[in-house]
Amino acid sequence: MAQLHMHDRAHDLGQQVLRVAIAGLGAVGMRLAQALDAGIPGFELAAIAVRDKKAARERLSVSHPAIALVDIGELEPLADIVVECAPAALLPSIVAPFLRAGKKAIVLSSGALLSHMELIETARRHGGQIIVPSGALLGLDAVTAAAQGEIRSVKMITRKPVAGLIGAPYLVEHDIDISGITEPLRVFSGTARDAAIGFPANLNVAVALALAGVGPDRTQLDIWADPNLSRNTHQIEVDADSARFTMSIENVPTDNPKTGRITALSVIAALSKMGAPIRIGT
């Protein structure tokens, strides 16, 4: 397989090969498994944590006939780095064992970090590292740079197809029915912290923006449900002492309307950067 070829090449060059564990085999996890099979220099797929191992084995039968399928609690001894792409509620059980072992964790459920900030202290205490990839949001490098000076304001406007928002806890709690809307409807206006609670499967990008910039309580967010859209769209406005800039992006969804295709590609890029001979971006 290509994966074994890349492992051998890395070994021949004296490059350390890092074992990657994937927690969750949805759209992102499956795409990442395929990429590791095709070959990401310096990395190999070691194990996948899934709930339904039989179904996962069938999905992986061609590309990974012998990959270890395990429970979450069994992942850490098998890998050097974990990629969390599972339901947000599972974040601590996936990430904490790796951080306590001084290892790295790539986190996609960044919204859940706001409820588990102790994970950052765990990483600090044990020499681990939490990596939040750019995901569906561009321009985090610019926000991170601006945050070294003074950022006066950050606002994000998110517009999503109806299917990408239905079932969000905030909508259920406030009895907001968007299933039959024919015009765009603003369903939320507030802070990134409140958005992460009310839309846990939708607004990881807002939390990543907040953590890069002025924090979740000063990052303002509007969320619109738009029946005319087929893509998730985000517009970010930043006013800082070093620059004023606006960014916008339209993300193509995966089979899961809550997740964009670029999310998995962002994880692949993050892994590739770790071992690249030249690294572009902050």
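1. Start with the aromatic cluster. In this predicted model, Y170, F188 and F199 form one aromatic cluster. The count of aromatic pairs comes to three.

2. One of those pairs joins F188 and F199. The geometry is edge-to-face. The ring centres are 5.8 Å apart, and the planes meet at 75 degrees. That angle is over 60 degrees, so the pair counts as edge-to-face rather than tilted.

3. Where do F188 and F199 lie? F188 is in strand β8, residues 185–191. F199 is in the loop between α8 (192–198) and α9 (204–212). The two are eleven residues apart in sequence, so the pair ties together separate parts of the chain.

4. Are F188 and F199 buried or exposed? F188 has 4% relative accessibility and counts as buried. F199 is at 0% and counts as buried too. Both values are under 20%, which is why the two residues get that label.

5. Another ring has a charge over it. R159 lies over the face of W224. The distance to the ring centre is 4.8 Å.

6. Now the charged pairs. Side chains of opposite charge can pair when their charged atoms come close. Here the structure holds ten salt bridges. The next points take up several of them.

7. R19 forms a salt bridge with D80. Their closest N and O atoms are 3.1 Å apart. R19 sits in strand β1, residues 18–23. D80 sits in the loop between β3 (68–70) and β4 (81–84). The partners are 61 residues apart in sequence, so this bridge also ties together parts of the chain. R19 is partly exposed, at 27% relative accessibility.

8. K53 and D71 meet in a salt bridge through their side chains, at 2.6 Å from N to O. K53 belongs to helix α3, residues 53–60. D71 is in the loop between β3 and β4. The pair links distant parts of the chain, 18 residues apart. K53 is partly exposed, with a relative accessible area of 31%. D71 is partly exposed as well, at 41%.

9. E76 and K103 meet in a salt bridge, at 2.7 Å from N to O. E76 lies in the loop between β3 and β4. K103 lies in the loop between α4 (91–100) and β5 (104–107). With their positions 27 residues apart in sequence, the pair ties these parts together. Is K103 buried or exposed? K103 is buried, with a relative accessible area of 14%.

10. Last, a network. Salt bridges that share partners join E121, R124 and R125.

Terms used:
Residues numbered from 1 in each chain as written. Predicted model: local features only at pLDDT ≥ 70, side-chain atom pairs only at ≥ 80, totals over all residues. Heavy atoms only, no water. Phe/Tyr/Trp six-rings, centres within 6.5 Å; stacked < 30°, edge-to-face > 60°. Helix = DSSP H or I, 4+ residues; strand = E, 2+ residues; numbered from the N terminus. Buried < 20%, exposed > 50% of the residue type's maximum accessible area, 1.4 Å probe, protein only. Lys NZ or Arg CZ within 6 Å of the ring centre and 35° of its normal. Salt bridge = Lys/Arg side-chain N within 4 Å of Asp/Glu carboxyl O.
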